Amino acid sequence: MHDKLFIPGPVEVSAKTWAAFARPMIGHRSQTFKDLYAAIHPPLQRLFGTGQPVFLATSSAWGVMEGAIRNVVGKRVLNCMCGAFSDKWLDVSRRCGKQAEALQVDWGQHIDPQRLDEKLATGEFDAVTLIHNETSTGVMSPLREICNVLRRYPDVVSIVDTVSSFSAVPIAMDELGIDVLITGSQKALALPPGLALFSVSEKAFARAKQQTDRGYYFDFLEFKKNQEGDMTPSTPSVAHIHALQSKLEEIFSEGIAARHARHAATNTLVHAWVRKNGFEFFAKEGYRSVTLTCIRNNRQIDVAKLAKDLRAKHHLVIDGGYGKLKGQTFRLSNMGDETEETVSHLLAGLDDCLE
Ligand SMILES: Cc1ncc(COP(=O)(O)O)c(C=O)c1O
């Protein structure tokens, strides 16, 4: 029996997905590969809510997150920061040699559309980074309201990370007007880590054309050119793409709405457990993630011991808090293939170990 992950990514990978991952290898310039990419492209577009091409990059999400900076930041980027992952984007932007400024709020807070509006009104920025679901704090920022603000700034290219919310909540890229939408394989898609998926608007392609330092591996225009022939610029992780095909079949046979409802239902179970046990939420009501719960350790329990006992007794793995929140919080994930039954099993195990 293996230890099952209920950390907020990577998450448990099913036997069905592993079987697809282990399919015999195919050449990435073969017709078989082209047929594979061509077959999964329309469902990928549906999942992204876009008519734009969807690209597959063999890297973790940060590869494309950094690549997006290199492709679309010309003048100056505004990094919306509310936790470990969104904060990091300022550092990454500067390491890419870009002018960058923080729109920082305290960890646990969400990005306020009004403050974003005020910053953009200065006219200093031509790109914005946003993390929809800040995994370190369990905060989901109000994407629609933020996108409504962004719409008023046609010269600003938006880069939106949906790494830990993608496919678990509705995110319609074209309708929201998102320019670069990025996600990773190891969160709600419940695939092994190592694949990033992204889509790019015409506005962002036009911006990319103006950038002379896009590099090669994450050059959006290389991805576009290759996707037109159902290929990727360089040798991709074919195994991931086989697994993705299997996952897309599952997603559409479950139904997207049912998938969203399942994540909402399992998240509700976790929330009820938090309240029943006298814990508090790290995120404010109305801004809580639907895919993971960041629990404030207001009872001053020994979080490390809880996690250790749960693993030893029940073979279940939870996260004991990210970075500076270690011990002050702990995080339970309900993303991926989890059901009310499996999440209830986790919560029963936690009850057992808390006693
Ligand atoms: C919201 C978010 N963005 C970005 C990342 C970075 O992803 P990766 O480690 O796959 O590059 C993570 C990882 O947990 C994340 O949760």
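Which residue in strand 10 is the bridge partner of Val-180? I looked this up first in the predicted model and found Val-200.

**Entry: strands 9 and 10**

I noted the extent of the two strands: strand 9 covers residues 180–184 and strand 10 covers residues 196–200. They pair in the antiparallel sense, and I recorded five bridges between them.

**Entry: the open sheet**

I then traced the sheet to which these strands belong. It is open and has seven strands in the order 2-10-9-8-5-3-4, with mixed pairing. At its edges I found strand 2 (54–57) and strand 4 (100–104), each of which pairs on one side only. From one strand to the next, the twist averages 20 degrees.

**Entry: strand 5**

I asked how many residues of strand 5 (residues 127–131) are buried. The result was five of its five residues, and I entered the strand as mostly covered. Checking its faces separately, I found Ala-127, Thr-129 and Ile-131 buried on one side, and Val-128 and Leu-130 buried on the other.

I next listed the pairings of strand 5. Strand 3 (residues 77–81) runs parallel to strand 5 and is joined to it by three bridges; here Val-77 stands opposite Ala-127. Strand 8 (residues 157–161) also runs parallel to strand 5, with five bridges between the two. In strand 8, I identified Val-157 as the bridge partner of Ala-127.

**Entry: helices across the sheet**

I looked for helices lying against strands 2, 9 and 10. Helix 2 (residues 31–48) lies across strand 2, strand 9 and strand 10, and it runs at about 110 degrees to strand 2. Helix 9 (residues 220–227) likewise lies across strand 2, strand 9 and strand 10, at about 110 degrees to strand 2.

**Entry: Leu-44**

I selected Leu-44, which has its place in helix 2. Is Leu-44 buried or exposed? Its relative accessible area is 1%, against a cut-off of under 20% for a buried residue; I therefore entered Leu-44 as buried.

Setting aside neighbours within four places in sequence, I found Leu-44 in contact with Val-54, Leu-56, Leu-197, Leu-244 and Leu-248. I also looked up its separation from Phe-198: the two residues are 154 residues apart in sequence, and the distance in space is 9.8 Å, C-alpha to C-alpha.

**Entry: strands 11, 12 and 14**

I turned to strand 12 (residues 292–296) and asked why it is largely enclosed by the rest of the structure. The reason I recorded is that four of its five residues are buried.

Its pairings were looked up next. Strand 11 (residues 280–281) pairs with strand 12 in the antiparallel sense over two bridges, and the bridge partner of Glu-280 in strand 12 is Arg-296. Strand 14 (residues 329–333) runs antiparallel to strand 12, and five bridges join them. Within strand 14, I found Leu-332 opposite Thr-293.

**Entry: the largest pocket**

I closed with the largest pocket, which holds about 200 Å³ of space. I counted 15 residues in its lining; Ala-61, Phe-85, Val-163, Gln-186 and Lys-187 lie nearest its centre. Which element gives the largest share of the lining? It is helix 3 (residues 61–72), which supplies three residues. By character, I entered the lining residues as seven nonpolar, six polar and two charged.

Key:
Residues are numbered from 1 along each chain as its sequence is written. This is a predicted model: local features need pLDDT of at least 70, side-chain atom pairs count only at pLDDT 80 or more; totals for chains, interfaces and linings use all residues. Side-chain values use heavy atoms; hydrogens and water are left out. Two strands pair if DSSP finds at least two bridges between them. Axes are lines fitted to C-alpha atoms, for helices over the stretch in contact, and angles run from 0 to 180 degrees between N-to-C directions. Contact means heavy atoms within 4.5 Å. On a 1 Å grid over the protein atoms alone, a cavity is a set of points where a 1.4 Å probe fits but cannot get out, and a pocket is an open set with protein on both sides within 12 Å along at least five of seven lines; lining residues have an atom within 4 Å of a point. Grid points are joined across faces, edges and corners, and a volume is the space filled by probe spheres set on the points. Ala, Val, Leu, Ile, Met, Phe, Trp, Tyr, Cys and Pro count as nonpolar, Asp, Glu, Lys and Arg as charged, and the others, Gly among them, as polar. Buried means under 20% relative accessible area, exposed over 50%, partly exposed in between (1.4 Å probe, protein chains only).
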